[in-house]
Every structure is written in structure tokens, then in C-alpha cells.
Amino acid sequence: MWKPAEKIRFESAPGIWPSAEEAEQSLLFAPLGYQALNMQNRTWIPAMVPWRSNEEGFVTQDNIDWYQRFAKGRPGALVVEATGIRDVPSGPLLRIGHDRFIKGLSELTRAVREASGQQTRIFIQIIDFLSIRRRPVHELYFKRFLRITDRHRQALSAQDWNEDEIRQALAAKSLDELAYILTERELDDLNMGYRERVSDTHLQNIAELPQTLPDLFTAAALRAKEAGFDGVELHYAHAYTMASFLSRTNQRTDGYGGSLENRMRLPLEIIEAVRKAVGHDFAVGCRYLADECIENGNHVDEAETIGVGFAHAGLDFISLSRGGKFDDAKQPKVGEAAYPYTGRSGYECMPGYISDHFGPFGRNVDASGRIRAAIRKAGYSTPVITAGGIHNFNQAEKILLSDKADIVGLARQALADPDWFKKVRSGKGDQIRLCEYSNYCEGLDQKHKAVTCQLWDREGLDQAGISKTPDGKRRLIAP
Ligand SMILES: Cc1cc2nc3c(=O)[nH]c(=O)nc-3n(C[C@H](O)[C@H](O)[C@H](O)COP(=O)(O)O)c2cc1C
Ligand code: SF4
């Protein structure tokens, strides 16, 4: 993963843990109700893909065990990982694109409710993503993938050559020479691997996204409601379709790109369609970026306007992440696909312990506070969730007391110790296993391997009845 040049090492600090009485009087453990959002406390586990599903996208026993373990810690809310809304194969990622997925998802919600004693609200993050291919072998790109155009003919002075001759001539050129011959997009396809973008409106499936996505998101939300979730989180963050619509990089010319108003059109149409279908007794929220953290991307100013627009559209919650884009991802090896968490924006999304002078703790808090303030100024009370490097009680409580957010998200800290919430609340904070922000878990995610935490995955491997990775080297669930 990308690291800031300063390379300063930070250690997670336990701060001062509250007694049980102090915790009980804190804002963090006070209930919060807003529209359909009805939380017992203000803690939140944001979505994390654990790579526990199967090739068909069904809920497996490993998925149930994973979420049940989090629920035992009794967070205020638990968001189930990014779950695909289309009925297309997508590897071992959860899917909700057909009614056949409802049964497994119902088992999951039942298991979470039971394990948390009905204390934890359970949401599911629903996602659409565009197709991406692996970085091609240089020769193969020119032989098979590149579409030959007049630009190539002109650059080679090869008006009367046949296509094969042009392909061979291009394949023999150096990268420096190709930089003058290929378009920026063609170079990117060669160096990074081809991926669809929302502005590829010459492709019918991309041109029609504004017509197809509202129905896909709506059907997925209705299935989530049937499966017993308390609500859905529309995934409008990171490198995926909806974040790309919102992004300043979206140059569509069909009314869904260019100006911020146009970029917000489809996200708002989806919110409206989903709400109309699910009614007002089911939470509809979204996760989007407080800052894309890329050159030419959205920054906090745009994110403020987006937040006000989403609050006006009646969302029950707004969860803020940052970064995580393809635009600045590292070049993948030949035969591998680009991964959106490898550049600076990826670092901003999941900051590690080697950091710049600001450090990895709470990098999204100020931006979240600005967006929340804009929403409040516009007259809306939509709860705002922030996340990023939060691991101790003082940090979390300060965020709430200083009006930077209404709910505090702990993703990796919950993975390091799913009992964080229960331990803090019962005055046993000193027993918490603090996340070190090593990003070992994120490295596993990148390789599409079962996500675990290095602080516990080798512990008690000889215990009877625990589930392990197929090689038997790591336990799958926190002790
Ligand atoms: C293994 C892993 C998987 C993740 N998967 C998702 C995901 O499915 N959807 C999402 O919005 N964010 C995802 N994230 C980002 C987290 O939700 C969170 O925003 C990020 O880790 C920063 O918060 P933290 O410092 O509390 O971990 C993932 C993070 C990790 C470590
Ligand atoms: S592996 Fe564990 S300690 Fe390291 S970042 Fe992930 S959750 Fe934190």
C-alpha cells in the first residue's frame, strides 16, 4: 500500500477508558432515533468484505459466524459487506440480485438479532460495480484488445497497411513512443488493464445505467426488507459505479454528468425509487465520500452540497468515507487487476500506522464535521456517521461532543476486537485488543483471501470446534 513520504510511526492509544457508570452517561452509549433509524447507541461497524461467501454469492455458515461474532459485542449497528445487486457471477462476494438469495440473508439477520439480544441494528450495503479486466500482456494487448483507429494509422504513416501490420508495429514500440501514439485511455488500458467507466456511453450497458440502476437498487432493497434487515446502505463511495457518477471526473453529456447537479441526478433518482418501494418504516441511507482525495476529484465543498441534497431527499442516515479510488491506484502486475486502495486515496480510506504528521487517527473527522454542519445549516437533522482510525473511547466521545458526527464507525478496531463495544460499556476497556492499523487485514482483502486480524488469527489454533482457513494456519473468527 502507498505510504506518506514522512513515514512517521504512530501507536494506537488506549486513552482513558470510562467506568461502567461513565460509559452509561456518555453520548456514545445514548440512544439515537431519526425517522426509521432507531439505534440503542451511537456506535457502528461499517461494511467490511470478509471473503466468506461462495462462487454463487450465497450466505455461507462462515458469513453467519463472522457477523454473529460482531453482534455478540453489541454495537449499535452492523453493516453487512458490499453486496452485489446484479444477478451475475462476481466471485465470492455476497449477492442480492435475485429472490433465491433472500433465504440465506434471512438466516443472517436472525443470527445477528439473536446474538446481540436484539440490541444491534443490521443494515446491508448494496453495490453496483462496473467490469474490470486484468492488466494484459503487452503483445496480447496489441494483438487482441486495442481497437485500431485513424489516429494509429496517422501516427505510423501507415494509411495503406492492413490491421495486422499496424498491430505488429505498435507492439514493437517502446512505452515512451507509445505515449505519443495511443490516447490517454488506451495507454491506461495497456498499463493498468481495461475497466469500464461511467462516461463510456458508447457502450449500451453504460449509456443505459440511469434507466437500469434504479430498478436494480430498488429490487435489492425490497429483498433486504424481506430478509429482515433494518435498512439498506446505498454504496455511493470509493471506486464503484455510483461514486463515479458523483465524481467530478464524470463527464457524461446526457444530463447525468458534468455539473454537480447533473452528477447527483442518478444518485437522487435511485434514493427516490428505493424510498417509494420500501416505505418509511425501513431505513434508507447511503455511504459516500467526504473527499475523493484525488486530483480533479470531489473535495469537501462538493461533498457538502451532496450531503444537503441527500438529506433533502429524506435519507435516514449518511455515512462518510474517503478516498479509495482507481484513479491513483498502483500499476498491477501483468495478469492482475488494479485495486482501488493502493494509492494515496486508498491510504486515506484505510490509513495505516506509518503516516504523515497528521497520523492515521480520525483523518475523516473534520471533513465529516463540515458536511454535518452544512446539512444542519440547511435545516435537516439527518444523522452523520464518520469512520477512519477511531479506536478509543475519548476519541469517539469527543467526535460526538464536538458535533463532528452523530454516530461513530469503527471498522478495523471492531475486527481486532469485536467486543470493543461491550467491554467499553461495562468498564472493561483495559481488556480491549487495540487495532494497530497494520493493514494486514486489508492486504488479505486485496488478495481476495479470507480476512482475519493478525492480533488473533494464530491464537488457540488447537482449540476444538473452531473454523480455520483451508490450510489450517489461521482461525476465521476472533477468540
Ligand atoms: C477488510 C476490509 C474490507 C472493507 N470492505 C468495505 C466495504 O465492503 N464497503 C465499504 O464501504 N468499506 C469497506 N471497507 C472500509 C471500511 O468500512 C472503513 O471505512 C475503513 O476501514 C476505515 O475505517 P477504520 O479505520 O475504522 O477501519 C473495508 C475495510 C477493510 C479493512
Ligand atoms: S490486521 Fe488487525 S491490527 Fe492490523 S489493521 Fe487489521 S484489524 Fe487492525
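The shell around ligand 1 comprises 11 nonpolar, 6 polar and 3 charged residues. The model is predicted, and this briefing covers the surroundings of ligand 1, the site of ligand 2 and the second largest pocket. Ligand 2 takes up the space of the largest cavity, while the second largest pocket holds about 580 Å³.

**Surroundings of ligand 1**

- A total of 20 residues surround ligand 1, and those that come nearest are Ala47, Gln125, Arg287, Gly389 and Arg412.
- Ala47, one of these nearest residues, places a polar backbone atom 2.8 Å from an oxygen atom of ligand 1.
- For Arg287, also among the nearest residues, the contact involves the side chain: one of its polar atoms lies 2.8 Å from an oxygen atom of the ligand.
- A polar backbone atom of Ala82 is found 3.4 Å from an oxygen atom of ligand 1.
- Taken on its own, ligand 1 has 620 Å² of accessible area, of which the protein covers 97%.

**Site of ligand 2**

- The largest cavity is the space that ligand 2 takes.
- Around ligand 2 there are 13 residues, with Cys435, Ser438, Asn439, Cys441 and Cys453 coming nearest.
- Two elements, helix H17 (412–416) and helix H19 (440–446), give two or more residues to this shell.
- Helix H17 makes the largest contribution to the shell around ligand 2, namely 3 residues.
- Classified by residue type, the shell around ligand 2 contains 8 nonpolar, 3 polar and 2 charged residues.

**Second largest pocket**

- The volume of the second largest pocket is about 580 Å³.
- Its lining consists of 19 residues, and Arg147, Arg185, Glu186, Asp189 and Tyr194 are the closest to the centre of the pocket.
- At least two lining residues come from each of helix H4 (138–145) and helix H8 (184–192).
- Helix H8 gives the most to this lining, supplying 4 residues.
- The lining of the second largest pocket divides into 9 charged, 6 nonpolar and 4 polar residues.

Technical notes
Residues numbered from 1 in each chain as written. Chains lettered and ligands numbered in written order. Predicted model: local features only at pLDDT ≥ 70, side-chain atom pairs only at ≥ 80, totals over all residues. Heavy atoms only, no water. Near = heavy atom within 4 Å. Polar contact = N/O pair within 3.5 Å; in protein donor to acceptor, adjacent residues only side chain to side chain. Areas by Shrake-Rupley, 256 points an atom, 1.4 Å probe, with all protein chains shown as cover. Nonpolar A, V, L, I, M, F, W, Y, C, P; charged D, E, K, R; others polar. 1 Å grid on protein atoms, 1.4 Å probe; cavity = no way out; pocket = protein on both sides within 12 Å on 5 of 7 lines; lining within 4 Å. Sits in = over half its atoms within 2 Å of the grid points. Points joined across faces, edges and corners; volume = space filled by probe spheres on them.
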